[in-house]
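Colleague: Before I use words such as "buried" or "oblique" in my own notes, I would like to know what stands behind each of them. Could we look at the model together and go through the labels one by one?

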Amino acid sequence: MIVFTAFLCVAVIVYDVLFRRVPNGLLLLFLLAHTACMIVAGHGIGGIDVWRSVTGLTLGLIVFVPLYVWRVMGAGDVKFLAIIGALLGLKGLFVVWLIASVLAGLHALVFHVLVVWESAIPFRLNRIMQQIADGEMYKRMVSARQGRKGTPYAAYLAIALIYSLGKAWGG
């Protein structure tokens, strides 16, 4: 289950970085795999029981839906947080949220510094960045985002979840 969940996390990272969205079908796979594991093994990742799983999912929704309503967070991010709550329970959800928030904050800081200090970027690096931005593949990716911008928060959630899965596995 841990390996499958990590594989799904990689898919979330790719989708969110490229398209700034998390497909509902992918989120449903997380939930179905977790439910199947709970039925077959009698517990989820790290021995989580049904009560802690439902509590993590419910509180994940209660806490993060307002952030979606206030346009601070995307719907996919909120749904993914709820699923992380189901997978890891409330304590695990908090840890993943904290790690992902630090990573997303660093992402935002780096991009802010790049915008403010654009003139300080070495010429060659600036030229490479411009070539990428002018490239057909980059233009298609931006077009596929359909105007969605911002930090790929679900990707950082997935990275933090992989880290937590590694800890649960004993790594």
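Modeller: Let me begin with the term on which the naming of loops rests: a helix is a DSSP run of H or I with at least four residues, and the helices are numbered from the N terminus. Please keep in mind that this is a predicted model. The protein has seven helices and zero strands, and its elements run α-α-α-α-α-α-α from the N terminus on. With that in place, Arg20 can be located in the loop between H1 and H2.

Colleague: Why is Arg20 called buried?

Modeller: The relative accessible area of Arg20 is 18%, and since buried means under 20%, the value satisfies the cut-off and the label follows. Arg20 also has a positive phi of about 55 degrees, although it is not a glycine.

Colleague: Arg71 also has a positive phi; where does Arg71 lie, and is it buried or exposed?

Modeller: Arg71 is in the loop between helix H3 (50-69) and H4, and its phi is about 65 degrees, again without the residue being a glycine. Its relative accessible area is 68%, and because the label "exposed" requires over 50%, Arg71 is exposed.

Colleague: What makes H1 and H2 roughly antiparallel?

Modeller: Helix H1 (residues 2-19) and helix H2 (residues 24-41) pack at an angle of about 165 degrees, with their axes 10 Å apart. Angles over 145 degrees count as roughly antiparallel, so H1 and H2 belong to that class. As for handedness, H1 passes H2 in a left-handed crossing.

Colleague: Which residues meet where H1 packs against H2?

Modeller: From H1 come Phe4, Thr5, Leu8, Cys9, Ala11, Val12 and Tyr15, and from H2 come Leu26, Leu29, Phe30 and Ala33. The residues of this contact divide into 10 nonpolar, one polar and no charged.

Colleague: How do you know that Thr5 is buried?

Modeller: Thr5, which lies in helix H1, has a relative accessible area of 0%, and it is therefore buried by the criterion of under 20%. Leaving aside neighbours within four places in sequence, Thr5 is in contact with Phe30, Ile45, Leu87, Leu161 and Leu165.

Colleague: Why are H5 and H6 called oblique?

Modeller: The axes of helix H5 (residues 123-134) and helix H6 (residues 136-144) come within 5 Å and cross at roughly 60 degrees. That angle is not under 35 degrees, not over 145 and not in the range of 65 to 115, so what remains is the class called oblique, and this is how H5 and H6 are described. Ile132, Ala133 and Asp134 in H5 meet Glu136, Tyr138 and Lys139 in H6, a set that divides into three nonpolar, no polar and three charged residues.

Colleague: How many aromatic pairs does the structure hold, and what makes the pair of Phe30 and Phe80 tilted?

Modeller: There are four aromatic pairs. In that of Phe30 and Phe80, the ring centres are 5.3 Å apart and the planes stand at 50 degrees; the distance is within the limit of 6.5 Å, and the angle is neither under 30 nor over 60 degrees, so the pair counts as tilted. The pair links distant parts of the chain, with Phe30 in helix H2 and Phe80 in helix H4 (residues 75-116), 50 residues apart. Phe30 is buried with a relative accessible area of 1%, and Phe80 is buried with 0%.

Colleague: Why is the pair of Phe94 and Trp97 tilted?

Modeller: The centres are 5.8 Å apart and the planes are at 40 degrees, so this pair is tilted, the angle again lying between 30 and 60 degrees. Phe94 and Trp97 are three residues apart in helix H4 and thus separated by about one helical turn. Phe94, at 48% relative accessibility, counts as partly exposed, and Trp97 is partly exposed with 28%, because that label covers values between 20% and 50%. Ring pairs link Phe64, Phe94 and Trp97 into a cluster.

Colleague: And what share of the 171 residues in the protein is buried?

Modeller: Buried residues make up 33% of them.

Technical notes: Residues are numbered from 1 along each chain as its sequence is written. This is a predicted model: local features need pLDDT of at least 70, side-chain atom pairs count only at pLDDT 80 or more; totals for chains, interfaces and linings use all residues. Side-chain values use heavy atoms; hydrogens and water are left out. Axes are lines fitted to C-alpha atoms, for helices over the stretch in contact, and angles run from 0 to 180 degrees between N-to-C directions. Helices (H or I, at least four residues) and strands (E, at least two) are DSSP runs, numbered from the N terminus. A crossing is left-handed if the near helix is turned anticlockwise from the far one by less than a right angle, and right-handed if clockwise. Contact means heavy atoms within 4.5 Å. Ala, Val, Leu, Ile, Met, Phe, Trp, Tyr, Cys and Pro count as nonpolar, Asp, Glu, Lys and Arg as charged, and the others, Gly among them, as polar. Rings of Phe, Tyr and Trp (its six-membered ring) pair if their centres lie within 6.5 Å; planes under 30 degrees apart count as stacked, over 60 as edge-to-face and the rest as tilted. Buried means under 20% relative accessible area, exposed over 50%, partly exposed in between (1.4 Å probe, protein chains only).
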